[in-house]
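Here is a short set of exercises to work through with a viewer open. Try each task yourself before reading the solution below it.

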Amino acid sequence: MSNCNVTFYKKTDGKKGTDGYKNYDGPQSVADLSKVLWEGTTLDNDMKDDISWIDTSSQAWVRVYSKANFQGRTALIGPDQHISMKALRDENDEDDMDDTIESFQLYDHKPDVNTSAIINNLLALYPGSERSRKNNRYETEWYAQDSQYRIYDPSIQLSGNTLSFSMDLDHIQLEQDDHAVVTFCMDLNGGFVDQIKVTYDIADATQVPEWAIKLIDGVIELAKYGAMAIADGAVIVLTDGIGVVATVEINRLIKYTAQALTFCVDHLNIVLGAVFKFQSDGGTANFPAIVSHSIARLILAYYQELYGPDPNDAMGFNEQRFLNTLGAGTWQHTKHNPFIEFNESVYSYRAYYPDNTFFYARGGALSSVKVDAITDNRMDDHLVLQAIFDPHGKLFAVAGCIDIFLVKSISNYTMPASGVFAYNADGKMIHVLQGGEEVTEVQGYDSLEAAFADSLRNALRKAGDEYDINVTDRQITMIDASTRVLKAMGEAIAKG
């Protein structure tokens, strides 16, 4: 038996070792104790929610969790401990751990990362949300762009020098929710170990393929470019300005920040061609943006635990600048999220308060918004816009799609989408289409905004011809309205 050893005891009369026990030797993890039976007892009882005492050896650290898959309330027990779970409080001091443990991780050294702190950091990035339990798991619900979403506490498993993350998300609907599962691994320096993968299960949709970012290291030029190859030689670069007062080696932080930004780009160009192969009420169209934000925020939460609070002046969103740019004075509050209404040409449109995620060390921002074309129908038409800005508020990448309410009954319908517009390593504009299967250099435009708008107009007209849809001037003008919103987003971030 090694010095990394833990013994769990089952509760009977509150005395140590009076009933079942279970011993584990050497570093390992058990994700679900409901599948493990006690030893030393004639009853076939599993260990779930039944541990009352823990003994650790001289080189054992064990982190216990109140839920399966390393979720829920948690506590860390160090070496040479002989402790009752009634005396052990979780790290948030909510309750003791008696008869509530459902999973654990055993280490032969003190864990380098506090996984509980990462989850707390993540939850802090969803202010105003509501916490509860669903299916015996902790979950957080909130409204974004006038639709309701749910994120479950992520499962984070530390093994050697690698952290494995798994996170489930839902778009909450009346009949059947949309689902997404995100998985990725990072090392203890904050770098990606393998691909970020997202699997979608969309209500009433045909099969949606798994998505994975192509994490191929690019060449890093210190304090100038952070580059990541995303597909077929297309290289996305981050402009000057990140890592100004970095707490880690600057070129490393630039690389990691570029990875964090470019995963959003690659996610968009894949998902726009897959998830949007059907029509919804706008909440489903916005779901991939929610997933992008959740990944970005989980990475940020990890960096906050790994490197400490960001020492840089925080980026922000100047909402008054956003309002002023769109000619609005105040927000309206008659829906689930704040919004404004404004005119473009002779039509009325609605834009919600953008969802924003700011990367560590002023690395840039991911911003998304839903624009509604206000109609007389029971439901409006929608345009979902996702954008990435550099630390100065300059547009770095943009993509969008249009959700037309009246085409809900058309089979095999593909939602009009722009593809992703971004910059390559030479500072030239590129257009990345589904899966990176087609990457072209953009000619004849002086800005990403103009190229994006023209591409989306063409996609809308093509959808009209292909599916015999009467495309209205209101729908076409909604694209012009979205470019105004895009400009307002950049202004708000630049002045944040």
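The exercises below start with the chain as a whole and then turn to packed helices and single residues. Please keep in mind that this is a predicted model.

**Exercise 1. The whole chain**

Task: Find how many helices and strands the chain has, and what share of its residues is buried.

Solution:
- Step 1. Go through the secondary structure, which comes to 6 helices and 28 strands.
- Step 2. Turn to burial: of the 496 residues in the chain, 57% are buried.
- Step 3. Add the surface. The chain exposes about 20100 Å², and carbon and sulfur atoms supply 43% of that area.
- Step 4. Take the contacts between residues at least 6 apart in sequence; 58% of them join residues at least 24 apart.

**Exercise 2. Helices α5 and α6**

Task: Describe how α5 and α6 pack: at what angle, and how far apart are their axes?

Solution:
- Step 1. Two packed helices are described by the angle between their axes and the distance between the axes.
- Step 2. Locate the pair: α5 covers residues 448-467 and α6 covers residues 473-494. Their angle is about 160°, and the axes lie 10 Å apart.
- Step 3. Classify the angle. Angles over 145 degrees count as roughly antiparallel, and α5 is therefore roughly antiparallel to α6.
- Step 4. Check the handedness: α5 passes α6 in a right-handed crossing.
- Step 5. List the residues that meet. From α5 come E449, F452, A453, L456, R457, L460 and R461; from α6 come Q475, I476, I479, D480, S482, T483 and L486.
- Step 6. Sort the contact of α5 with α6 by class, which gives 7 nonpolar, 3 polar and 4 charged residues.

**Exercise 3. Helices α1 and α3**

Task: Work out which orientation class describes α1 and α3, and which residues make their contact.

Solution:
- Step 1. Start from the geometry: α1 and α3 (residues 287-307) pack at about 130°, with axes 8 Å apart.
- Step 2. Assign the class; that angle makes α1 oblique to α3.
- Step 3. Look at the crossing of α1 and α3, which is right-handed.
- Step 4. Pick out the contact. A117, I118, N121 and L122 belong to α1, while S294, R297, L298, A301, Y302, Q304 and E305 belong to α3.
- Step 5. Count by class: the contact of α1 with α3 has 6 nonpolar, 3 polar and 2 charged residues.

**Exercise 4. Two positive phi values**

Task: N69 has a positive phi, and S345 has a positive phi too. Where does N69 lie, and where does S345 lie?

Solution:
- Step 1. Recall the background: most residues other than glycine have a negative phi.
- Step 2. Take N69, which is not a glycine and has a phi of about 60°. N69 sits in the loop between β5 (61-67) and β6 (71-77).
- Step 3. Judge its exposure: N69 counts as partly exposed because its relative accessibility is 41%.
- Step 4. Take S345, whose phi is near 60°. S345 belongs to the loop between β20 (339-344) and β21 (347-352).
- Step 5. With 57% relative accessibility, S345 counts as exposed.

**Exercise 5. A residue in β21**

Task: Is A351 buried or exposed, and which residues does A351 touch?

Solution:
- Step 1. Place A351 in strand β21.
- Step 2. Read its relative accessible area of 0%, so A351 is buried.
- Step 3. Leave out residues up to four places away in sequence; A351 then touches W331, F339, I340, F342, K370 and V485.
- Step 4. Compare sequence with space: A351 and D372 are 21 residues apart along the chain, and their C-alpha atoms are 6.5 Å apart.

**Exercise 6. Two loop residues**

Task: Find which loop holds D108 and which loop holds K48, then list the contacts of D108 and of K48.

Solution:
- Step 1. D108 is in the loop between β8 (103-107) and α1 (115-124). At a relative accessible area of 32%, D108 is partly exposed.
- Step 2. Setting aside neighbours within four places in sequence, D108 contacts C4, P27, Q59 and W61.
- Step 3. The C-alpha atoms of D108 and S58 are separated by 9.2 Å, with their positions 50 residues apart along the chain.
- Step 4. K48 is in the loop between β3 (28-30) and β4 (51-56), and at 32% relative accessibility K48 counts as partly exposed.
- Step 5. Beyond residues up to four places away in sequence, K48 touches L33, S34, I101, E102 and N136.

Notes:
Residues are numbered from 1 along each chain as its sequence is written. This is a predicted model: local features need pLDDT of at least 70, side-chain atom pairs count only at pLDDT 80 or more; totals for chains, interfaces and linings use all residues. Side-chain values use heavy atoms; hydrogens and water are left out. Helices (H or I, at least four residues) and strands (E, at least two) are DSSP runs, numbered from the N terminus. Buried means under 20% relative accessible area, exposed over 50%, partly exposed in between (1.4 Å probe, protein chains only). Contact means heavy atoms within 4.5 Å. Accessible areas come from the Shrake-Rupley method with a 1.4 Å probe; for residues, only the protein chains shown count as cover. Axes are lines fitted to C-alpha atoms, for helices over the stretch in contact, and angles run from 0 to 180 degrees between N-to-C directions. Angles under 35 degrees count as roughly parallel, over 145 as roughly antiparallel, 65 to 115 as roughly perpendicular and the rest as oblique. A crossing is left-handed if the near helix is turned anticlockwise from the far one by less than a right angle, and right-handed if clockwise. Ala, Val, Leu, Ile, Met, Phe, Trp, Tyr, Cys and Pro count as nonpolar, Asp, Glu, Lys and Arg as charged, and the others, Gly among them, as polar.
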